[in-house]
Amino acid sequence: MRFFFKSHLPGFCLALLAYWLGLDSVFADTRVALVIGNGAYTSTAQLPNPSHDAEDVASSLKRSGFEVIQGIDLRQADMQDLTIRFARAASRADVAIFYYSGHAMQYNGVNYLMPVDAMLTDEADLKRFVRVDDIVNDLQQAKNLRILVLDSCRDNPLAETLKRSATRAASIGRGLSRVEAPRGTIVSFSTQSGQVAADGAGRNSPYTTAFLKHIEEPQEIGDVFRDISSDVYDASGKTQLPELSLSIIGKFYLNGPVSVTIAPGAPQAAPRADPCAAAEAHWKAADGIGTVGAFEDHLARFSNCSFASLARARMDGLKQKVAAAPAAGESRTFDGKWDVTVSCASSGKAMGYTRALSATIANGLFHAEDRDPRTNSTLAIDGQIGADGKTTLSARGLTGPSAYTVNNSAPGSPYGYTIDAQFERSRGSGKRNELRPCSFTFVKR
């Protein structure tokens, strides 16, 4: 992260300045990246984009000061060699990035990346794949910032072969399993866990197109990846939503410069570690819910801690959206109070349930928010309803006890999905865009 500091204090210590600003590790003199694009598979469908994706991402990261280890259409032995080189390089780096484009799959909740020569006749063949967990462990050796990017949530035809040959009960789902970002790490998937991403018709996949557009911008790295996710969501007609997990403290920039001026003689208070000890965990929960109430609660508890400014910005943005006047062509036909019923059938070990929410539609903007005392889970639903009553709503929240969750999600884990819905003047219905069968009914009061 390139920072340039200006100080009016002669002989000012930059390390102390970083401490005052809450940027524990703002200098990243050594940057390393492993970029892999696998498309020329010998035992399954070939992919046209990964080689182009890897070439373009490698060039972009080199412009941002990275030493890039690059591999295209790697066989098993070559893929292992490059991951070993990367592990050694990451141990000496301040910033480390792993980028992968190609086939991948999940088996019993473990994610695997596929070399071009890998075959999959039974479970033992998974040893020919690269475990994502191992890559995450290698990334943790970098001192300041670690980034995992997987543009690989495409359906893997070999998964069906493994499913037929499995001798014991096993979970082989679509796409990839969710990876929670360890501290100091950003994890970005091209689509949500359990979902399948599009290959795209151009030189690059939709996700990599957005990645290349934003990764060199002089923005804070969290904002960069949020912009990437937003671009993919919009470009896909709101059908592909990248999965993003961030666990970073402070502000990080891959490109700058950023100038910070410190006025002379400004007294600085000593840090208070104890009041902010739980701020990070609470922020992750509030950001996962993504509602005004969640951000207000964070500010009430941690108003002087690291994430307070982010909470204020998110809260202000949400309030502005609600207060905004309707644009031309938007309809107020559906404005008013609505009752929402969510019915989810049982799915595997996850129990089915029904819950009721109260919703408000103002200027065509839909908002519902609820905490279920039975499961202690939260759910918030937002979206814009068009004049024809058609909409894609965005739902976010925290899971309840594991008996009510899919893929063994821990209670309190953030989740999100979209809902395709059709409103009429006094009623409406919708369907959850995810594997778990859930239906939504809307009745106007």
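These legends accompany an overall view and several close-up views of a predicted model.

**Figure 1. Overall view of the 445-residue protein**. The secondary structure comprises 10 helices and 19 strands. Of the 445 residues, 48% are buried. Among contacts between residues at least 6 apart in sequence, 64% join residues at least 24 apart. The exposed area of the protein is about 20400 Å², of which carbon and sulfur atoms supply 51%.

**Figure 2. Helix α3 and its buried residues**. The helix has 15 residues, and its span from first C-alpha to last is 21 Å, close to the 21 Å expected at 1.5 Å a residue. Buried in α3 are Met79, Leu82, Thr83, Phe86, Ala87, Ala89 and Ala90. These residues cover an arc of only 165° around the axis, so they lie on the same side of α3. The elements that cover them include the strands β2 (31-37), β3 (67-72), β4, β6 (110-113) and β7 (130-131), together with α4 (132-139).

**Figure 3. The aromatic pair of Phe86 and Phe98**. By the ring-centre criterion, the model contains 11 aromatic pairs. In the pair shown here, the ring centres of Phe86 and Phe98 are 6.3 Å apart and the planes meet at 50°; because this angle is neither under 30 degrees nor over 60, the pair counts as tilted. Phe86 belongs to helix α3 (residues 76-90) and Phe98 to strand β4 (residues 95-101), so that the pair links distant parts of the chain, 12 residues apart. Phe86 has a relative accessible area of 0% and is therefore buried, the limit being under 20%. Phe98 is likewise buried, with a relative accessible area of 0%.

**Figure 4. The aromatic pair of Trp338 and Phe423**. This pair is edge-to-face, with 5.2 Å from centre to centre and 80° between the planes. Trp338 lies in strand β12 (residues 336-344) and Phe423 in strand β17 (residues 414-423); the two residues are 85 apart, and their pair links distant parts of the chain. Trp338 is buried at a relative accessible area of 0%. Phe423 is also buried, at 2%.

**Figure 5. A cluster of aromatic rings that includes Trp338 and Phe423**. Ring pairs join these two residues with Phe334, Phe366 and Phe442 into a cluster.

**Figure 6. Arg432 over the ring of Tyr417**. The charged end of Arg432 sits over the Tyr417 ring, at 3.9 Å from the ring centre.

Technical notes: Residues numbered from 1 in each chain as written. Predicted model: local features only at pLDDT ≥ 70, side-chain atom pairs only at ≥ 80, totals over all residues. Heavy atoms only, no water. Phe/Tyr/Trp six-rings, centres within 6.5 Å; stacked < 30°, edge-to-face > 60°. Helix = DSSP H or I, 4+ residues; strand = E, 2+ residues; numbered from the N terminus. Buried < 20%, exposed > 50% of the residue type's maximum accessible area, 1.4 Å probe, protein only. Lys NZ or Arg CZ within 6 Å of the ring centre and 35° of its normal. Contact = heavy atoms within 4.5 Å. Areas by Shrake-Rupley, 256 points an atom, 1.4 Å probe, with all protein chains shown as cover. Expected span 1.5 Å × (residues − 1). Arc of directions from axis to C-beta.
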